[in-house]
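Work through the exercises below with the sequence and the coordinates open. Each task is followed by its solution.

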Amino acid sequence: MAPSLPTPVAESAIPARVLRRRPVWAPGAAIVAAAVYAVVQVTWAATGTAVPWKAHSAHPAVVQYTLALVALLAGTAACLAPRTRRASRGVAGVLLGAIPVLGFGMAPLPAYLVTITAGAGVESATGLAHVLLSTILTTTLALAHHRRSTGTCPDCGQAHVAARADTPLQRPAPSIASRRTRRTAFLLTTGLLPWMAVKTVWTLGGDALGITAERWKASHADDSRPVRALADVGIDATVLAACVALFLIAGLLYPWGQRLPRPLPWVGGRHVPRLLPLVPAALTAFGLALYGVLLSVYAPLAALDVLPTPDPDPLIGGTRSGTLWLIAFGGAAFGGLGFALAVAARSYAARTRPRCTPASR
């Protein structure tokens, strides 16, 4: 069978000129997001509003003032960054240093998404607001820093003269990720297996890592009704969320993530909007990977007594060694899933990027 040809993309099929011209508007959006972020952080610090960064721990006021200053410096750098290869090293350094610092605030985003989806509500409105502001600011800064080299089309990122604003784009034909990319992504997702196995044992009534199923279920007595209903049939809500993430990774790697299979009723053969899988993958990959790395580093250091060994959770019990194993399993699961999402999303973004039509260059 002959390979399918690239498909022309009408202007109405892409969020028009807004997304196509993001190198133009992203610096302005970055300084606006930085100003809003800084004002909110200063207001929280001045009024003593608690902004949790983990359970029972809030950001000190000095941290909030520092984050506000970093945001303003990064927003200013985004506006000053020239669109040439001779970009100031100082400006580029500010952006490259500020993006990870501010991006740390979006790390809890996957946890909030899971709890909200499960109907468990929001523990802290200010915590959620901080995560959303950090996500918006980090995203706009990354967009402002992206594709600043000269001679690059702001529409499609290719090295040719920029086309007119009304130039149609071509969508590449659906394609599969390279074998190396698929192997890397699937290898990373194997880190989920120990963590999913332990959670499933508990939900099915078994004991693992010194923790009994009764104590585990009792610690989740306040969960929402859908979450408890899933647990009654042996399905942990977080394991189900991980399975959804695996489905997303598969869609990013295989052609059906770009064009739905034709046997599907009503939607078969339709193209998948490019941002539909990319946005959730990009927003959750960083937080999962960061959380996984922190847990993976902490577990062996605590086992060697370099860092304090955590006490068992008073709700679920267990032993200190079992707690360390649970932390290690969580690090492998979250880190592997986050990096797998990043690898798959990077491949999908490169394979699906629309190109300017040759006649318009």
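**Exercise 1. A loop residue and its backbone**

Classify L209 by its accessibility, then state its location and its phi.

Solution. L209 has a relative accessible area of 23%, so the residue counts as partly exposed; the class lies between buried (under 20%) and exposed (over 50%), with a 1.4 Å probe and protein chains only. Before going on, note that this is a predicted model, in which local features need pLDDT of at least 70 and side-chain atom pairs pLDDT 80 or more, while totals for chains, interfaces and linings use all residues. Residues are numbered from 1 along each chain as its sequence is written, and side-chain values use heavy atoms, without hydrogens and water. The location of L209 is the loop between α8 and α9. Helices here are DSSP runs of H or I with at least four residues, and strands are runs of E with at least two, numbered from the N terminus. Phi of L209 is near 55 degrees, a positive value in a residue other than glycine. Most residues other than glycine have a negative phi.

**Exercise 2. A second positive phi**

Where does D305 lie, and is D305 buried or exposed?

Solution. D305 sits in the loop between α12 (275-303) and α13. Its relative accessibility is 62%, so D305 is exposed. Its phi, near 65 degrees, is again positive in a residue other than glycine.

**Exercise 3. Two glycines of one loop**

Compare the sequence and space separations of G205 and K217, and of G210 and T319.

Solution. Start with G205, in the loop between α8 and α9 (213-219). It is partly exposed at 41% relative accessible area. From G205 to K217 the C-alpha distance is 9.0 Å, for 12 residues of sequence. G210 also lies in the loop between α8 and α9 and is exposed at 58%. G210 and T319 are 109 residues apart in sequence, yet their C-alpha atoms are 6.1 Å apart.

**Exercise 4. The salt bridge**

How many salt bridges does the whole structure hold, and which parts does the pair D236 and K199 tie together?

Solution. The criterion is a side-chain nitrogen of Lys or Arg within 4 Å of a carboxyl oxygen of Asp or Glu. The search finds 1 salt bridge. D236 pairs with K199, with the closest N and O atoms 3.7 Å apart. D236 is in the loop between α10 (225-232) and α11, and K199 is in helix α8 (residues 192-203), so the pair ties together parts 37 residues apart in sequence. Both D236 and K199 are buried.

**Exercise 5. Helices against α13**

Determine how α11 and α7 run relative to α13.

Solution. Axes are lines fitted to C-alpha atoms over the stretch in contact, with angles from 0 to 180 degrees between N-to-C directions. The axes of α11 and α13 (residues 320-352) come within 8 Å and cross at roughly 30 degrees. That makes α11 roughly parallel to α13; the cut-offs are under 35 degrees for roughly parallel, over 145 for roughly antiparallel, 65 to 115 for roughly perpendicular, and oblique for the rest. Helix α7 (residues 179-189) packs on α13 at about 160 degrees, with the axes 8 Å apart. α7 is therefore roughly antiparallel to α13. The crossing of α11 and α13 is left-handed, and α7 also passes α13 in a left-handed crossing. Left-handed means that the near helix is turned anticlockwise from the far one by less than a right angle, right-handed that it is turned clockwise.
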